[in-house]
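Biologist: I should like a close look at a single part of this structure, namely its aromatic pairs and the nonpolar surroundings in which they belong. Please set out the reasoning in full.

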Amino acid sequence: MKTKLNIRLDRWVGQHSPLSRSDVKFAVKAKRIKVNGKLAVSASQKISQEDVVSLDGAEIVVRGFSYIMLNKPLGVICATRDGCHQTVVDLLPTHFQQLHPVGRLDKDTTGLVLLSDDGQWSHRVTHPKYACEKCYKVTAKWPISAATIERLLHGVVLRDSPKPACATAVEQLGENQLMMTISEGRYHQVRRMIAACENRVTDLHRLSVGSLQLDIAEGEWRELTVAEIVALA
């Protein structure tokens, strides 16, 4: 008896072939995709674990997921494509072009970015309910007081939510510099928390995600080890 997969044909083909999910719909209509030797009837049809899917007569071979660490430079954006700016995907070899950023850093923030094509793993790393901690090195325009550190730890209210945003850890590195750890992922959270304390971030660099520490030079990338992948899962 075949084991059912909780996945649509277009999603599966999009993961394991050069086609995007939207391309699959047109490929089905063009009679380019077969399941077990028969023409696929719909991009949304479900497939089983034992089904053989072919594209243009060639069997689609299941490929493993990829997991990448990248040290994002200033000015590069966390997107798969952009008409104006260089993206994190542009910094990878062509065989990694199917990857997507796992969470985002804004254009003016540098440091650790993860990329993968494993949607469940990405969800685990980014969803607020899993509280995956991210640590940042923060440089502010003006000196950071002890009172500011207390406010960051106890929570500051941001404009878009009455629920206070809290740092899980803060370590002062210098008069206007600190390491700050958060477990949420609100929009521009670190910058907005510092702004709520009447200061302004001039430089922001992500040092870690969960147990994973950034250990490569700016602009470089490397694949994660199995232990690192499992630790974030």
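Modeller: What follows treats the aromatic pairs, then the nonpolar cores, and lastly a small sheet. The model is a predicted one.

The count of aromatic pairs comes to 2. One of them is formed by Tyr67 and Trp121, whose ring centres lie 4.9 Å apart. The planes of Tyr67 and Trp121 stand at 80°, and since an angle over 60 degrees counts as edge-to-face, the pair is therefore classed as edge-to-face. This pair links distant parts of the chain: Tyr67 belongs to strand 7 and Trp121 to helix 3 (residues 119-126), with the two positions 54 residues apart in sequence. Buried status requires a relative accessible area under 20%. Tyr67, at 13% relative accessibility, is therefore buried, and Trp121, at 5%, is buried as well.

The other pair joins Phe96 and Trp221, and it too is edge-to-face, with 5.3 Å from centre to centre and 80° between the planes. Phe96 sits in the loop between strand 7 and strand 8 (100-102), whereas Trp221 is in strand 17 (residues 221-223), so the contact ties together parts that are 125 residues apart in sequence. The accessibility of these two rings can be stated individually. Phe96 has a relative accessible area of 5% and is therefore buried; Trp221, at 30%, counts as partly exposed.

As to the nonpolar surroundings, the largest nonpolar core has 32 residues. Those with the most contacts inside this core are Val88, Leu115, Val138, Leu152, Met180 and Met193. Several elements each supply at least two residues of the core, including strand 7 (67-72), strand 9 (109-116), strand 10 (134-140), helix 4 (146-154) and helix 5 (189-196). Strand 14 (177-182) and strand 15 (201-209) are also among these contributors. Leaving aside residues up to four places away in sequence, Val88 touches Leu70, Lys72, Val76, Ile77, Cys78, Ala79, Pro101, Val113 and Leu115. Apart from this core lies another, of 16 residues, among them Leu9, Val13, Ala40 and Ile60.

Finally, there is an open sheet of 4 strands, in the order 3-2-5-6 and with antiparallel pairing. Its edge strands are strand 3 (38-39) and strand 6 (58-59), each of which pairs on one side only. Strand 2 (residues 33-35) and strand 5 (residues 53-55) run antiparallel and are joined by 3 bridges. Val35 has Val53, in strand 5, as its bridge partner.

Technical notes
Residues numbered from 1 in each chain as written. Predicted model: local features only at pLDDT ≥ 70, side-chain atom pairs only at ≥ 80, totals over all residues. Heavy atoms only, no water. Pairing = 2+ DSSP bridges. Core = buried A, V, L, I, M, F, W, Y, C linked by side-chain atoms within 4.5 Å. Buried < 20%, exposed > 50% of the residue type's maximum accessible area, 1.4 Å probe, protein only. Contact = heavy atoms within 4.5 Å. Phe/Tyr/Trp six-rings, centres within 6.5 Å; stacked < 30°, edge-to-face > 60°.
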